[in-house]
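Please open the model in your viewer and keep a selection panel at hand. The tour below proceeds from one selection to the next.

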Amino acid sequence: MIISKLQVEKLSALIASCHKQANFGKEAGMLGIEIIEEHLAYAEDYFNDAISALKYHNSGQALVACKAGLFQIKMAEKIICLSQKSGSSTLNYLVKQDTEKRKKNIYENEAEFRLEFLANSLAEMKVALEYSNCQISLRAQSTLNSAMDFYNDSLLALKDPDASERAINCAKSGLLQLNLAGAFIVAENELALPGWRELTNLDIASPLSNVDKVISEIAQIRQTLHQLADERVSIENVESANIESSTQAPDKERRARKYWENAYNRYTSGISSFAKENIQHARAELKKAERELSLAREILSDSVVSEDLNNENVLKEHLPVSDLVVLVEHVKEALLSSKVDSSTELIRMTDRLVFLYKKAIEEFESGEFKHAENSAAESMGILKNLRHKLFSK
Amino acid sequence: MLKSAKFSQIENKLAQLGLYLSLVKSRYNSIASQSSRMVGIRLELVLKDYRKACNYLIKENFQAIEKIILVSNLELGFIEKLMDAESSERELGESNFFEYADKRDFASNSQRLELDLELIELELMALIKDSESEKAL
């Protein structure tokens with residue numbers, strides 16, 4: 001089909017007509033102007049493309065540009081019409097539709113419902129944190145960020161027609177993380193978060209059972225450990241409290257902390273598997289987390305110590321304060337997604353950092369403390385270098 | 001005929017989304033200087049998705065458009081909730097907004113990266129101290 005200059009110029013006339021309508025609407029306070037003007041701007045670009053194409057006798061390209069331009073005009077007209085139909089109460093019109101949908105409790109699917117619930121909870125938590133001005137530890141911040149990641153993952157999964165179950169599980173995982181973060185913050189600050197309703201609906205965790213108890217215990221035992229450490233160091237730097245006191249902490253505390261860290265890592269791994277629809281692995285990890293927590297509880301309560309505890313020797317064991325290997329994976333993901341310069345070199349550095357760290361742990365456990373110290377120091381050197389490359393400009 | 005009807009239906013839904021997006025954007029523009037980063041970033045991403053959906057409509061990729069419309073509506077609802085959540089801070093004249101880190105935002109990703117590096121440093125320091133102590137014994 002051949003298109004003539006006259007036809008292309010008709011497009012220009014249509015754009016002008018639409019602009020006129022939009023300007024009238026703007027003066028009358030019509031809503032949606034920004035999007036309308038964007039569509040018209042695109043239409044003008046396509047019009048210019050069509051004129052250029054005709055100049056070089058490229059009728060085919062001119063036709064394509066014209067069609068694209070017409071589409072943009074049509075969208076602009078539709079939005080003008082919609083805005084005019086609902087008049088000054090455009091927002092009310094949209095809200096009314098939404099409310100009616102909710103009254104009938106019609107969601108396109110369960111995933112939409114779960115995601116909206118998570119969105120409400122994320123907003124509630126934000127209000128609670130801003131209003132209370134409470135302190136948020138590194139661990140709690142990390143858990144809150146994780147909840148946001150699950151929300152984003154759930155949204156992404158919703159775009160995929162075959163990933164509805166994953167969208168649901170990601171939304172549930174996000175709620176569980178939010179619950180855990182809330183428990184951490186409440187315990188750390190010894191206050192209730194205003195407006196934050198703890199998630200007591202067990203359905204959010206199904207088909208995982210007892211996860212709410214695991215969350216509660218993780219927060220409680222952590223708080224007990226911090227209170228014990230607080231007797232020796234300032235509470236201000238709760239994460240580093242164990243650094244200052246790791247060598248002076250009583251054996252009981254060190255052992256309980258070890259089990260707590262294991263439980264926390266198992267829980268995190270379980271939630272991650274749950275989001276990826278690996279329910280079996282999630283359940284297994286949570287069971288292990290429960291076991292580790294019960295061991296920690298036994299130690300802290302000075303109750304009868306079980307066989308497992310009697311048989312272990314933790315005196316020559318390093319007490320991890322964070323899961324370095326998992327954290328380095330996060331760093332690598334961040335480097336890849338943000339496309340920083342020389343990310344390949346930086347990722348090689350992170351691999352070397354982990355290698356030296358694992359070497360240091362092995363050397364420590366074999367009693368080679370001098371070598372362990374050297375390997376850990378070398379790993380620290382790489383970390384400092386990495387930081388320098390990333391953040392100094 | 002059926003194709004035309006479907007096209008019109010999707011076109012109408014997309015126009016509704018466009019209007020909703022414009023409303024939320026207008027609201028955001030009036031408070032942008034007193035808003036958290038993540039609200040602005042999330043809104044930009046919805047706008048990108050909306051443009052993508054318009055391109056899909058030209059190609060008649062209806063399934064992809066419907067998914068984008070669903071997700072964008074949910075996301076706009078979330079953005080409105082975030083703006084509502086921040087209204088108290090604005091009314092009090094404070095701008096101490098809590099930000100959830102978002103991997104899609106470079107600045108937020110940087111903060112998360114710093115947080116992770118800090119935790120890594122804590123662990124390495126702990127290991128060095130433990131090794132020093134055991135060596136001394």
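Which residues does A:Leu286 touch, not counting residues up to four places away in sequence? Select A:Leu286 together with A:Leu208, A:Val211, A:Val214 and A:Tyr267, for these four are the residues that it touches under that condition. Please bear in mind throughout that this is a predicted model.

Stay with A:Leu286 and display the secondary structure of chain A. The residue is placed in helix α11, which covers residues 279–300 of chain A. With a relative accessible area of 3%, A:Leu286 is buried, because buried means under 20% relative accessible area. Next, add A:Ser216 to the selection: the C-alpha atoms of A:Leu286 and A:Ser216 are 13 Å apart in space, and the two residues are 70 apart in sequence.

Now select A:Tyr267, already on display as a contact of A:Leu286, and add B:Leu14. These two have the most contacts inside the largest nonpolar core, a set of 118 residues. To see where the largest share of this core comes from, colour α3(B), which supplies 12 residues. In soluble globular proteins, nonpolar side chains tend to be buried together.

Centre the view on B:Leu14. Leaving aside neighbours within four places in sequence, B:Leu14 is in contact with A:Met75 from chain A, and with B:Tyr50, B:Ala53, B:Cys54, B:Leu57, B:Ile65 and B:Ile69 from chain B. Another core, of 36 residues, lies apart from the largest one; A:Leu346, A:Met349, A:Leu356 and B:Ile120 are among its members.

The next stop is the interface. Select the 91 residues of chain A and the 71 residues of chain B that take part in the contact. Between them the two chains bury about 7700 Å², and carbon and sulfur atoms account for 67% of this area.

Then turn to the polar features. Nine salt bridges are found across the interface of chain B and chain A. One of the salt bridges to display joins B:Arg51 and A:Glu38, whose closest N and O atoms are 2.8 Å apart. Across this interface there are also 18 residue pairs in polar contact, with both residues at pLDDT 80 or more.

Finally, colour the helices of chain B on the side that touches chain A. At least two residues each come from α1 (2–31), α2 (37–58), α3 (62–91) and α4 (106–136). The most is given by α4(B), with 27 residues. Coloured by class, this side of chain B shows 34 nonpolar, 12 polar and 25 charged residues.

Technical notes:
Residues are numbered from 1 along each chain as its sequence is written. Chains are lettered from A and ligands numbered from 1 in the order in which they are written. Side-chain values use heavy atoms; hydrogens and water are left out. Helices (H or I, at least four residues) and strands (E, at least two) are DSSP runs, numbered from the N terminus. Buried means under 20% relative accessible area, exposed over 50%, partly exposed in between (1.4 Å probe, protein chains only). Contact means heavy atoms within 4.5 Å. Buried area is the accessible area (1.4 Å probe) that two parts lose on being put together, summed over both. A salt bridge is a side-chain nitrogen of Lys or Arg within 4 Å of a carboxyl oxygen of Asp or Glu. A polar contact is a pair of N or O atoms within 3.5 Å; within protein, one must be able to donate a hydrogen and the other to accept it, and residues adjacent in sequence count only if both atoms are side-chain atoms. Ala, Val, Leu, Ile, Met, Phe, Trp, Tyr, Cys and Pro count as nonpolar, Asp, Glu, Lys and Arg as charged, and the others, Gly among them, as polar. A nonpolar core is a set of buried Ala, Val, Leu, Ile, Met, Phe, Trp, Tyr and Cys residues joined through side-chain atoms within 4.5 Å.
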